[in-house]
Amino acid sequence: MKICETQRLLIRQFSIDDVPALSKILSDDEVMKYSIRGVCDEAATGEFIKWCLQCYDSYGLGPWALIDKNSDLLIGFCGISPQSVAGNEEPNLGYRLAVDFWNKGLACEAAKSVLKYVFTQTTHQSVVVIIEPEHIASLKVAKKIGFTDYSNHEFHGRAVQLYRLTKTQWNEWTSLDAAYVAT
């Protein structure tokens, strides 16, 4: 099921048929360097996709497949899933891309589209992103899509920065971003 699309990406729900393609991405040490799950084999990737499907059914959101429009290849995921942080369930933005698709602006493109979907099609008033301070590329993506302020937390035994973006901040940021693009 298609969720949304960008200039270069189709964003859709995962299916069990995606296990082999996603497994190739999630079995890469570089892609999974900052993942709490670590490197995933095909069985672990299948469990991840089953969890995504459960999220869609129970939460209405979840990590969604990113399909490159030029090649029709599954190149990663981006989406919102529930995460427990400091005893509170939070809608968390997560993203992963195959290494061949890094440094092309695709993570920002996907995340902006997902945030637009969440803030215009759901009742969520804020979204968080949980990032280890050493994960410079992910920090850059978060800042480019409007996340600015953070608090320090421990998440699965790791020191992380939790950034929050409210719907109001997103509306202000997208207004500024649109004005900047127009000039």
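A residue is counted as buried when its relative accessible area is under 20%. In the predicted model described here, phenylalanine 48 has a relative accessible area of 4% and is therefore buried. Phenylalanine 14, at 3%, is likewise assigned to the buried class.

Aromatic pairing was examined next. The model contains 6 aromatic pairs under the ring-centre criterion. In one of these, the ring centres of phenylalanine 14 and phenylalanine 48 are separated by 6.4 Å and the ring planes meet at 75°, so the arrangement is edge-to-face. Phenylalanine 14 belongs to the loop between strand S2 (9–12) and helix H1 (19–26), whereas phenylalanine 48 belongs to helix H2 (residues 42–59); the pair therefore ties together parts lying 34 residues apart in sequence. Both residues also take part in a cluster, in which ring pairs link Phe14, Phe48, Trp51 and Phe77. A charged group is found at one member of this cluster: the charged end of arginine 37 sits over the ring of tryptophan 51, at 5.3 Å from the ring centre.

A further aromatic pair is formed by tyrosine 150 and tyrosine 163, whose ring centres lie 5.1 Å apart with planes at 45°, so this pair is classed as tilted. Tyrosine 150 is located in strand S7 (residues 150–155) and tyrosine 163 in strand S8 (residues 158–166), so that parts 13 residues apart in sequence are tied together. The two partners may be described in turn by their accessibility. Tyrosine 150 is partly exposed, with 44% relative accessibility, while tyrosine 163 is buried, with 1%.

The packing of helices was then considered. Two packed helices are described by the angle between their axes and by the distance between those axes. For H1 and H2, the angle is about 115° and the axes are 9 Å apart. Since angles of 65 to 115 degrees count as roughly perpendicular, H1 is therefore described as roughly perpendicular to H2. The crossing of H2 by H1 is right-handed. On the H1 side, the contact is made by Val19, Pro20, Leu22, Ser23 and Leu26. On the H2 side, the contributing residues are Glu42, Thr45, Gly46, Phe48 and Ile49. Phe48 thus appears both in the H1–H2 contact and in the aromatic cluster.

Alanine 65 provides a view of the surroundings of strand S3 (residues 63–68), in which this residue is found. The relative accessible area of alanine 65 is 0%, and the residue is buried. Apart from neighbours within four places in sequence, alanine 65 is in contact with Leu10, Ile11, Arg12, Gln13, Phe14, Leu74 and Gly76. Phe14, one of these contacts, is also a member of the aromatic cluster. For Gln13, another residue in this list, the C-alpha atom lies 5.8 Å from that of alanine 65, although the two residues are 52 residues apart in sequence.

Two residues in other helices were also examined. Threonine 120 is placed in helix H3 (residues 106–121) and is partly exposed, its relative accessible area being 42%. Between threonine 120 and histidine 153, which are 33 residues apart along the chain, the C-alpha separation is 29 Å. Asparagine 171 is situated in helix H5 (residues 167–182) and counts as partly exposed at 35% relative accessibility. Asparagine 171 and serine 138 are 33 residues apart in sequence, and their C-alpha atoms are 22 Å apart in space.

Conventions: Residues are numbered from 1 along each chain as its sequence is written. This is a predicted model: local features need pLDDT of at least 70, side-chain atom pairs count only at pLDDT 80 or more; totals for chains, interfaces and linings use all residues. Side-chain values use heavy atoms; hydrogens and water are left out. Rings of Phe, Tyr and Trp (its six-membered ring) pair if their centres lie within 6.5 Å; planes under 30 degrees apart count as stacked, over 60 as edge-to-face and the rest as tilted. Helices (H or I, at least four residues) and strands (E, at least two) are DSSP runs, numbered from the N terminus. Buried means under 20% relative accessible area, exposed over 50%, partly exposed in between (1.4 Å probe, protein chains only). A charge sits over a ring if NZ of Lys or CZ of Arg is within 6 Å of the ring centre and within 35 degrees of the ring normal. Axes are lines fitted to C-alpha atoms, for helices over the stretch in contact, and angles run from 0 to 180 degrees between N-to-C directions. Angles under 35 degrees count as roughly parallel, over 145 as roughly antiparallel, 65 to 115 as roughly perpendicular and the rest as oblique. A crossing is left-handed if the near helix is turned anticlockwise from the far one by less than a right angle, and right-handed if clockwise. Contact means heavy atoms within 4.5 Å.
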